[in-house]
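Biologist: I am new to this structure. Please take me through the nonpolar core closely, then show me what else belongs in the picture.

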Amino acid sequence: MTTLADVKTYLNYINGSWVPSTTEQVSASINPANKNEIVGYVQTSDIEDLDKAVAVAKQAQGSWRKLSAPARGEFLFKIANAIEARIDEIAETMTKEMGKTLPEAKGETVRGVAILRYYAGEGMRKVGDVIPSTDSEALMFTSRVPLGVVGVITPWNFPVAIPIWKMAPALVYGNTVVFKPAQETAVTAAKIIECFDEAGLPNGVVNMVTGKGTVIGQGISDHPDINGITFTGSDSVGKRVGQAALARGAKYQLEMGGKNPVIVAADADIDLAVEATISGGLRSTGQKCTATSRVIVQKEIYDEFKEKLVAKVKEITVGDGLHEGIWMGPCASESQQNIVLSYIEKGINEGATVLCGAKKPEGPEFEDGFYVEPTIFEDVTSNMIIAQEEIFGPVLALIKVDSIEEALQVANDVQFGLSASIFTTNIGNMLSFINDIEAGLVRINAESAGVELQAPFGGMKQSSSHSREQGQAAIEFFTSIKTVFVKG
Ligand SMILES: NC(=O)C1=CN([C@@H]2O[C@H](COP(=O)(O)OP(=O)(O)OC[C@H]3O[C@@H](n4cnc5c(N)ncnc54)[C@H](OP(=O)(O)O)[C@@H]3O)[C@@H](O)[C@H]2O)C=CC1
Ligand SMILES: O=C(O)CCC(=O)C(=O)O
């Protein structure tokens, strides 16, 4: 076991300085591939620390919003360069902290750099429209102003991309930020904030306070000086954040769970559908809100699809994501592993049939990690818990249907509506899917995961607060519109 002395302790970042929490307490961030390895210690902060961060963010807001948007964008370019110079180190930390494989972690870090550059460019784009007034001698137009101080609450599954896709637009549109990363991945978050620091942002513009969600996350939701909150995470916590924000009139944006379907039509390219189901469902150990979870297959091709899918899934190499040749890492934490195993048990008890996986892998190399074998169920019906609730693990549920109409009805038969895909070569099927599927991301002959930073991202139904993140859509959350009427 590593000890406190061997391992670096990461501090909060408040007003441009790295400071310990007033509690003088830290918590250990553990490697899910080897629970005996401590990746770092992070501050277990209290409301007093949050209050300090909010106060300096409020103070910094006046001068930050007065900078021109292109000047704010220049800072984002510098942050992007600082992260780019540390891609390998940041990606390795991510893999050690939450388990995704190193190539995936690198891909995510590169994506973070691209998001920063995209929003740096947004600083050069128009923010308003001229609208014809009924008064021919007046000029009417819209302008936009920042919200003020924005609270950013993020999960552990994309510890670089999600914080950046929230903080970059917040900053370029003139807000200051108080960031609370998931405690699980707070070391990776600290490294990202080191890059913000390196870029020389004015003091107080970005602040990071680590600590328990129930203390710091709740504190952000309730804080009277936080004007907007952007959250990604679980359905239950998201609803609580939204209710607290609404109660005090703050703006909020929530991205929550998914129970994403893929439909495999009788006319599909079966090999393509198999590849995409595996990639969409099992990459990142199934821990994506966009992960494929329900695989709805037409009866004509069901057996062929199933056989090919099971054969390929059995080839997946599970292990420490830092090692070459490993395709799937561990679950991010012991509690996440237990959640996944308990859903597998529920599936078995409900009468679904296990085709592969469904247990912890055996062998000395797995003993100290939070591993679960990639798992496929069949004989799943839409009313089962494993077909309704977000599992957030490497579990696929096969549902056999008689027709495309039934496939669509099953696909929509859940409370969530984030992402959905169909594999078909029939244009009629594609068009009905585009029109009738209840999902914010609609994917044809492509896996359910895989978000592009320049396009709007968000869900329907219980998956989001119905706002959209990323691309130019981000301006809608991070600014308020002013309608200006000028008469000479
Ligand atoms: N849609 C998605 O992208 C994600 C969905 N999930 C789902 O959520 C489940 C649980 O994962 P988990 O990480 O615990 O997700 P949570 O929703 O608990 O955590 C997300 C963020 O919210 C914080 N938080 C926790 N409690 C509160 C609170 N009362 N008020 C404000 N913020 C709070 C967390 O802090 P802290 O980590 O310090 O507790 C974290 O920063 C997963 O099994 C999965 O189903 C999880 C992650 C991402
Ligand atoms: O699929 C992606 O790239 C993004 C997924 C995501 O936002 C999430 O899992 O929280």
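Modeller: Start with the largest nonpolar core, which has 68 residues. Keep in mind that this is a predicted model. Six residues have the most contacts inside that core: Leu 76, Ile 79, Ile 83, Tyr 119, Phe 196 and Val 206. Which helix gives the core its largest share? Helix H5, spanning residues 161–172, supplies 9 residues.

Now look at Leu 76. Leaving aside residues up to four places away in sequence, Leu 76 touches Leu 116, Tyr 119 and Ala 120. It also touches Ala 168, Leu 171 and Val 172. Tyr 119 therefore appears twice: as a partner of Leu 76 and among the residues with the most contacts in the core, where contact means heavy atoms within 4.5 Å. A second core is separate and has 31 residues. Met 384, Ala 387, Ala 397 and Ala 407 are included in it.

Next, turn to a sheet. Three strands make it up, in the order E1-E5-E4. The sheet is open, and its pairing is mixed. E1 (9–10) and E4 (26–31) are the edge strands; each has a single partner strand, so one side of each has no neighbour in the sheet. E1 and E5 (residues 34–43) run parallel and are joined by 2 bridges. Across that pair, Thr 9 stands opposite Tyr 41 in E5.

Last, the wider setting. An unreviewed UniProt entry annotates residues 18–484 as "domain: Aldehyde dehydrogenase". Over that stretch, the chain is 39% helix and 21% strand. The C-alpha atoms at its ends lie 42 Å apart.

Note on methods
Residues numbered from 1 in each chain as written. Chains lettered and ligands numbered in written order. Predicted model: local features only at pLDDT ≥ 70, side-chain atom pairs only at ≥ 80, totals over all residues. Heavy atoms only, no water. Pairing = 2+ DSSP bridges. Helix = DSSP H or I, 4+ residues; strand = E, 2+ residues; numbered from the N terminus. Core = buried A, V, L, I, M, F, W, Y, C linked by side-chain atoms within 4.5 Å. Buried < 20%, exposed > 50% of the residue type's maximum accessible area, 1.4 Å probe, protein only. UniProt positions renumbered as here; feature names shortened; annotations may be inferred.
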